[in-house]
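Okay, thanks for coming, everyone. I'd like to walk you through a structure that's new to most of this group, so have a look at it while I talk.

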Amino acid sequence: MDDLVAAIRGARAREATAYGADSTTALERPRVVLTVRTHGKPDQTLAIGAERREGAELVGAYARFDGRAVTYVVEQSLVDELAKLELE
């Protein structure tokens, strides 16, 4: 669990790829949906969708927070850490 918390705390967007309504199919079927609930604050939900490649290199995945009009590409290290997670 410590690795997951560290990955989330250190998460950075590589780039913003779209502004406004999501018009891509990159987030149609998210691979990961992460909702963070903090006492006294609104929930924040992050959807992580399709892979992002630069040539043959896998660099990350498309991501978007609910309620924000920006689609980002997050680092592959975050995607890898979330993919290892299995909570019941």
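**Starting with an arginine**

Let's begin with Arg-64, whose side chain reaches the backbone oxygen of Gly-20 at 2.5 Å. The side chain of Arg-64 also makes a polar contact with the side chain of Thr-71, this one at 2.4 Å. If you're looking for Arg-64 on screen, go to strand β4. And is Arg-64 buried or exposed? It counts as buried, because its relative accessibility is 12% and the cut-off for buried is under 20%.

Before I go further, please keep in mind that this is a predicted model. So how confident is the prediction? The mean pLDDT of the protein is 82, and 82% of the residues reach 70 or more. Strand β4, where we just were, has the highest confidence, with a mean of 91. At the other end, helix α1, residues 2–9, has the lowest, with a mean of 68.

Now the overall layout. We have 2 helices and 5 strands. Reading from the N terminus, the order is α-β-β-β-β-β-α. There are 88 residues in the protein, and buried ones make up 32% of them. As for contacts between residues at least 6 apart in sequence, 44% of those join residues at least 24 apart.

Okay, on to the inside. Which residues make up the largest nonpolar core? There are 10 in all: Val-32, Leu-34, Leu-46, Ile-48, Ala-61, Ala-63, Val-74, Leu-78, Val-79 and Leu-82. Four elements each supply at least two residues of this core, namely β2 (32–36), β3 (44–54), β4 (57–65) and α2 (76–83). The largest share, 3 residues, comes from α2. There's also a second, separate core of 5 residues, and among them are Ala-26, Leu-27, Ala-47 and Tyr-62.

Let me pick out one member of the largest core, Val-79. You'll find Val-79 in helix α2. Val-79 counts as buried because its relative accessibility is 5%, against a cut-off of under 20%. What does Val-79 touch, once you leave aside neighbours within four places in sequence? The answer is Arg-31, Ile-48, Ala-61 and Val-74. Take Ala-61 from that list: the C-alpha atoms of Val-79 and Ala-61 are separated by 7.1 Å, and the two residues are 18 apart along the chain.

While we're in helix α2, let's look at a couple of its other residues. Ser-77 is in α2, and Ser-77 counts as exposed because its relative accessibility is 52%, with exposed meaning over 50%. Ser-77 and Ala-11 are 66 residues apart along the chain, and their C-alpha atoms are separated by 8.4 Å. Then there's Asp-80, also in helix α2. Asp-80 is partly exposed, with a relative accessible area of 41%. The C-alpha atom of Asp-80 is 9.1 Å from that of Gly-60, and those two residues are 20 apart along the chain.

One more arginine before I finish, and that's Arg-52, over in strand β3. Where does Arg-52 fall, buried or exposed? It counts as buried, because its relative accessibility is 18% and buried means under 20%. The side chain of Arg-52 has a polar contact of 3.3 Å with the side chain of Glu-15. Not counting residues up to four places away in sequence, Arg-52 touches Glu-15, Thr-17, Glu-57, Leu-58, Val-59, Gly-60, Ala-61, Tyr-62 and Val-73. You've heard a couple of those names already: Ala-61 is in the largest core, and Tyr-62 is in the second one.

Last stop, the rings. How many aromatic pairs are there? The count comes to 0. What we do have is Arg-68 lying over the face of Phe-65, at 4.4 Å from the ring centre.

That's my tour, so let's open it up for discussion.

Conventions. Residues numbered from 1 in each chain as written. Predicted model: local features only at pLDDT ≥ 70, side-chain atom pairs only at ≥ 80, totals over all residues. Heavy atoms only, no water. Core = buried A, V, L, I, M, F, W, Y, C linked by side-chain atoms within 4.5 Å. Buried < 20%, exposed > 50% of the residue type's maximum accessible area, 1.4 Å probe, protein only. Contact = heavy atoms within 4.5 Å. Phe/Tyr/Trp six-rings, centres within 6.5 Å; stacked < 30°, edge-to-face > 60°. Lys NZ or Arg CZ within 6 Å of the ring centre and 35° of its normal. Polar contact = N/O pair within 3.5 Å; in protein donor to acceptor, adjacent residues only side chain to side chain. pLDDT = per-residue confidence, 0-100.
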